[in-house]
Protein chains: 2
Amino acid sequence: MPEPKATNITWHEGTIDREARFKRLGQRGCTVWFTGLSGSGKSTVAVAVEQALHDLGRHAYRLDGDNVRHGLNANLGFSAEDRDENIRRIGEVARLFADSGLITLCSFVSPYRDARDRVRKLHEEAGLAFFECFVDIPLKVAQERDPKGLYAKAAAGEIADMTGMSESSPFEPPENPEIRLPTHEQSVEKSAGDVVETLKAKSVI
Amino acid sequence: MPEPKATNITWHEGTIDREARFKRLGQRGCTVWFTGLSGSGKSTVAVAVEQALHDLGRHAYRLDGDNVRHGLNANLGFSAEDRDENIRRIGEVARLFADSGLITLCSFVSPYRDARDRVRKLHEEAGLAFFECFVDIPLKVAQERDPKGLYAKAAAGEIADMTGMSESSPFEPPENPEIRLPTHEQSVEKSAGDVVETLKAKSVI
């Protein structure tokens with residue numbers, strides 16, 4: 001261990017709080033929660049929003065199956081209990097990211113209203129903005145897109161409990177989402193723009 | 001839902017990657033992991049580092065018992081299995097924060113070498129810098145400080161398994177920490193400065 005060099009650090013009492021972080025970053029941390037059927041375009045829009053925010057000099061981070069399912073939630077399966085715990089943990093992590101000052105973009109099917117509402121409540125109790133973004137397309141369109149081939153597998157009986165395909169695996173649409181994106185009727189650019197405009201209107205950026 | 005306004009967003013293919021985030025924030029995301037006995041000064045130093053980084057125009061976020069134990073890890077107890085899962089989840093969350101571009105300051109007793117090494121490995125595999133910061137004071141000093149009154153309770157038999165107090169609850173010191181802070185021999189300012197100097201030396205900031 002080399003002898004550390006002298007620094008000109010002056011420590012003053014008191015912690016850096018949320019407002020100081022928000023001011024430093026030039027934005028207010030928050031969570032945008034994309035919910036919708038598999039194939040609705042949640043991640044596609046989230047990627048476009050991330051790009052748009054970056055172009056505006058803002059700081060965002062995406063949470064999705066790619067970086068959560070194989071890491072934090074690798075020890076969870078697909079039972080009802082584990083699905084609940086999956087969304088609970090993501091909600092808690094999103095709250096931490098929002099508190100840090102980042103615009104947190106979460107893309108998860110998250111079919112159950114109760115689970116989403118718990119994440120909303122978690123943010124509200126912490127005084128953090130939460131935007132539910134319903135990526136809203138008809139099941140038929142999602143089945144036609146089927147980007148991951150999941151609907152075909154479900155139709156062939158290879159996947160049980162595919163969201164939207166049976167009464168036991170419903171998608172419960174948000175009742176009062178802050179944002180609704182009918183991605184079958186508008187471009188990705190338009191959808192991303194809708195999200196960015198909402199963030200502007202709500203003084204996040 | 002009001003009609004969204006037009007925006008000048010142009011979406012180009014490709015996601016914003018880690019390097020783009022690091023460049024935008026003007027720093028490289030990483031994790032500083034403070035480990036040491038209860039009362040060693042982990043959180044005190046982390047707070048001072050956060051303050052120093054803020055004064056330098058940098059972006060940090062602290063993870064500690066206050067914002068993790070009552071949230072993400074509220075459903076964990078203190079069994080050996082739960083303690084392992086506690087550190088595992090924190091390590092995964094730290095990795096996400098480091099990936100987002102923030103300088104992540106984690107303060108947890110984290111007495112077991114294996115658990116800390118797993119967090120280190122997680123970062124290394126993801127190509128993210130990890131700095132183990134051993135807040136290194138004698139048990140006797142920690143017991144004298146006893147800021148939370150935990151050692152007194154342990155001595156009175158009110159707390160079992162207090163780290164450092166028995167052979168069954170050892171603190172396993174890091175063998176090759178990037179930073180060692182003997183907080184009983186140097187000021188908080190000096191300790192925070194040591195961390196900041198390491199981050200500078202390693203081109204994080």
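Two strands are taken to pair if DSSP finds at least two bridges between them. On that basis, chain A of this predicted model holds an open sheet of five strands in the order 2-3-1-4-5, with parallel pairing. The edges of the sheet are formed by strand 2 (60-64) and strand 5 of chain A, each of which pairs on one side only. Neighbouring strands are turned by 20 degrees against each other on average, with direction ignored.

The sheet sits in a chain with eight helices and five strands. Followed along the sequence, chain A reads α-β-α-β-α-α-β-α-β-α-α-β-α. The C-alpha trace of chain A spans about 70 × 40 × 35 Å along its principal axes. Of the 205 residues in chain A, 45% are buried. Contacts that reach far along the sequence are well represented: among those in chain A between residues at least 6 apart, 77% join residues at least 24 apart.

It is worth walking through the sheet pair by pair. Strand 1 (residues 30-35) of chain A runs parallel to strand 3 (residues 103-107) of chain A, and five bridges join the two. Within this pairing, W33(A) stands opposite C106(A) of strand 3. Strand 1 of chain A is also joined to strand 4 of chain A, by six bridges and again in parallel. Here T35(A) has F134(A), in strand 4 of chain A, as its bridge partner. Strand 4 of chain A in turn runs parallel to strand 5 of chain A, with three bridges between them, and V135(A) stands opposite L181(A) in strand 5 of chain A. Strands of a sheet pair through backbone hydrogen bonds, either parallel or antiparallel.

How enclosed is strand 4 of chain A by the rest of the structure? Six of its seven residues are buried, so strand 4 of chain A is largely enclosed. A helix also lies across this part of the sheet: helix 8 (residues 188-201) of chain A crosses strand 1, strand 3, strand 4 (129-135) and strand 5 of chain A. Relative to strand 5 of chain A, helix 8 of chain A runs at about 175 degrees.

Helix 4 offers a simple geometric check in both chains. In chain A, helix 4 (residues 80-100) has 21 residues and reaches 31 Å from its first C-alpha to its last, close to the 30 Å expected at 1.5 Å a residue. In chain B, the end C-alpha atoms of helix 4 are 30 Å apart, which agrees with the 30 Å that its 21 residues should span. Just after helix 4 of chain A, G101(A) takes a positive phi of about 115 degrees; G101(B), just after helix 4 of chain B, likewise has a positive phi of about 115 degrees.

A positive phi also turns up away from glycine. D161(A) is not a glycine, yet its phi is positive, at about 60 degrees. D161(A) lies in the loop between helix 7 (150-155) and strand 5 (179-181) of chain A, and it is exposed, with 12 other C-beta atoms within 10 Å. In chain B, D161(B) has a positive phi near 60 degrees and is found in the loop between helix 7 (150-155) and strand 5 (179-181) of chain B. D161(B) is exposed, with 12 other C-beta atoms within 10 Å.

Turning to the assembly, 38 residues of chain B are in contact with 38 residues of chain A. On the side of chain B that touches chain A, helix 1 (18-25), helix 2 (42-55), helix 4 (80-100) and helix 8 (188-201) of chain B each supply at least two residues. Helix 8 of chain B gives the largest share of that side, seven residues. By residue type, the side of chain B that touches chain A divides into 18 nonpolar, 10 polar and 10 charged residues.

How are the two chains related? Chain B superposes on chain A by a rotation of 180 degrees with 0.0 Å of shift along its axis, at an RMSD of 0.0 Å. That is the relation of a two-fold axis. The copies meet through the same surface, because 100% of the interface residues of chain B are also interface residues in chain A.

Within chain B, A52(B) is found in helix 2. With 23 C-beta neighbours inside 10 Å, A52(B) counts as buried. The C-alpha atoms of A52(B) and V195(B) are separated by 9.9 Å, although these residues are 143 residues apart along the chain.

Definitions and conventions: Residues are numbered from 1 along each chain as its sequence is written. Chains are lettered from A and ligands numbered from 1 in the order in which they are written. This is a predicted model: local features need pLDDT of at least 70, side-chain atom pairs count only at pLDDT 80 or more; totals for chains, interfaces and linings use all residues. Helices (H or I, at least four residues) and strands (E, at least two) are DSSP runs, numbered from the N terminus. The expected span of a helix is 1.5 Å times one less than its number of residues. A residue is buried if 20 or more other C-beta atoms lie within 10 Å of its own, exposed if 12 or fewer, and partly exposed in between; C-beta atoms are placed from the backbone. Two residues are in contact if their C-beta atoms, placed from the backbone, lie within 7 Å. Ala, Val, Leu, Ile, Met, Phe, Trp, Tyr, Cys and Pro count as nonpolar, Asp, Glu, Lys and Arg as charged, and the others, Gly among them, as polar. Copies are superposed by least squares on the C-alpha atoms of residues with pLDDT of at least 70 in both. Axes are lines fitted to C-alpha atoms, for helices over the stretch in contact, and angles run from 0 to 180 degrees between N-to-C directions.
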